[in-house]
Amino acid sequence: MADRRQTRNQIRGPQSALTDFLASNNISAAQISEDYQRRVRAAERTAVAEQTPNPIERNDSEGTSESPEQRKKRKRKETAALAKIKQSKEFARRKSRRTGEPGDDDDSMARDILSEQSRPLPGQLENCEICSKRFTVTPYSKTGPNGGLLCAKCSKDQADGDKKPKAKKAGARIGRRQNQSNLLDGNAQQGASTLVESCIRKVADNINDIEEFGDLPSSLLHRLSQILSKRRALTPRTLNLFLRRELRSINIYDTAKLETDDFQKIFTFMPDLNNVNLRFASQLKDRVLDYTMDRELKIEHLQIDSANLVSDTCWQRLFVKLGPDLKTLKLSNLDNSFNDETVEVLSKCCTGLRRLKLKQCWKMGDGSLQAIGRLSSLEHLSLDFIQETDAEKLLDMIGQVGPKLRTLSLEGFPTADDRILEGIHNHCQHLTKLRFTNNSNCTDKTFSKLFTDWPNPALELVDFSSTRDVDNSNADGPADAIGLASQGFVALMNHSGRALQKLNISSCRHISREAFEEAFADDRVYPKLRELDVSFHTIMDDYLIGRIFRCCPSLKKLVAFACFNVQEVRVPVGVALIGGLKAQERIAVEGGQI
Amino acid sequence: MPSLPAFRLSIARHFSSSTSNLTSSQSHTHGNNHGIHPGSSEYVTLVSGDGFEFIVPRSTACVSGTIRRMLDPSSRFSEAVTGRCVLENMSGLVLEKVCEYLCYNLKNKNQTNVPDMDIPPELCLELLMAADYLDT
């Protein structure tokens, strides 16, 4: 090589730009490399030479082979080294970092640094602390229990030993994210979930490996369908698992991935269907419904969501065909069809209808209200209109169907006024559920009147969310409060408190603190109340929430979004408080008592 | 049946390692002679369709609603009298897992954020049927 360097005219192999540059400045890269190699070899030799007496040095308590002079000399050297370290920047930095930690004096810290410095560098040889084998130190060599280095095998063993206990710890609890997710679902139960639930989840996890469900009972199929739908895993393939001839009901909550033929397959495979529930049925077309009519299916309970490819004429044919056998009809999110005329046909043909839910059907208007009023056997009615309707027509309808109703839900009637509440008071006497939301006409006085001397037994489910005055220039609303406010709320709790299971009063902004204090006073108990929504009540604070927990022993879920004064509340065990300011760890109170 | 003893062994070993208060034996070696008295004794015996016995504490077994009603002394069912429930429709493998769950449930009774017990995928459908029957 030296020869080649000297004879510049010879052909050379490729070399780096740096070597070229150095050569042009008359510096030899090969020379530098050789010098470096020589220095490394020298360092290795001295290191080996130093290490041999090392074991004796370390055991200085035993100190048998060390003469007193040698020891004195070594001590002196060590003190000098320690003093030097104490001067160094590294020491100052460590010291500033460690201030406040007990049991760390300057000496021990300096000694730590000294031992680190005297540790062999990568590439050098060392004896393993555990197995005493000689090995080459690498940057990955681990430090043993006594500060010495470990060989590759022992390093690995130790790393494994470190890992295992950690993994176990993580397995004992589910993560914070999952925990918060469960809380948002209102699930704060203690203990393991039921074996049925765990198994269903496991089945859903492995749905692609499952050939058939065997004879799983219908209730379990229903739950499986819910979970698969939520995970958006209901495909034409998984649908086949649910098609069983003998079953009379099918519930698919997400059919968005199914094609028109898949819908037809459902009705082909299950000729005895009596209960059909298909949501997000975007590919359900006229020909599928015509097919069910041809097959003379005796459908009594029908729920279909967003079937916008079904025409009005087809709906009408279906209602004529099913006639008085139809007991339940729930349709939602229809914007392309389902007009007043179709509702007219429905009310003429399906006289046996007990349960009717029509939500977000864009084409329905006043004519539909009149038609629904003629359904004389209705017991459950749920309406959510898009079009603005005449309050008069709504009132007439309540007068006609009200006396038989057991549940009533009215959403999307912004024009409805006090007369509606009066109508409910006068005509409905068998209600267990009442929902009347999104209204800024009805006054607090009428709400209060509704619940005063009402022969209707106590309600189980009440939802008056977003009944309030909306005026940006006057946040407190007029003097005569609009929407469910203090009077109405107290009257409601007096009338229905003992039976109430679910109550939603979110955004009923004009309920005063006094009203809450009265309703949740010491002597009040709402034994059955499980779910309560008090979102957007800015007067809610830790004290009032505490009162609510005290008065509602069965409470499972309390929704309190935008209640900014609810900060450090103590949540009883088994209650999910949703919408707190911070995603804080729940403060569990033993035994559910505060 | 040469393979059966090995299978039984694996069950016994499994339970001695994971749940200390659980033992298993096979029915034709009359399991009731382990100092266990019928009626209101502290332990009850669950028997699988293929003859595997699992002796578990009464409180553990009563996590299952069906077994609790079987063992309810006021019911006068033969199960309540003998302290022995024969679950014809379950294999030993499934019942083993069920027993594991009963213990798991009791162990985590008052804890929050309990993860699901580990269930082998090949067993989950059978176990689901069993769990539905046992009301757990």
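The following paragraphs describe a predicted complex, from its confidence scores to one helix pair in chain A. In this predicted model, local features need pLDDT of at least 70 and side-chain atom pairs count only at pLDDT 80 or more, whereas totals for chains, interfaces and linings use all residues. Residues are numbered from 1 along each chain as its sequence is written, and chains are lettered from A, with ligands numbered from 1, in the order in which they are written.

The predictor assigns the complex an ipTM of 0.75 and a pTM of 0.69. For chain B the average pLDDT (the predictor's confidence in each residue, from 0 to 100) is 76, and 71% of the residues score at least 70. Residues 1-38 of chain B have pLDDT below 50, and this stretch has 39 contacts in the model beyond near neighbours in sequence; two residues are in contact if their C-beta atoms, placed from the backbone, lie within 7 Å.

Chain A contains 23 helices and 17 strands, taken as DSSP runs numbered from the N terminus (helices H or I, at least four residues; strands E, at least two). Of its contacts with a separation of 6 or more, 71% are between residues 24 or more positions apart.

Within chain A, helix H15 (residues 312-322) packs against helix H16 (residues 340-349) at an angle of about 5 degrees, their axes 9 Å apart. H15(A) and H16(A) are therefore roughly parallel, a label for angles under 35 degrees. Among the residues making the contact are A:Trp315 and A:Phe319 of H15(A) and A:Val345 and A:Leu346 of H16(A).

Terms used:
Axes are lines fitted to C-alpha atoms, for helices over the stretch in contact, and angles run from 0 to 180 degrees between N-to-C directions. Angles under 35 degrees count as roughly parallel, over 145 as roughly antiparallel, 65 to 115 as roughly perpendicular and the rest as oblique.
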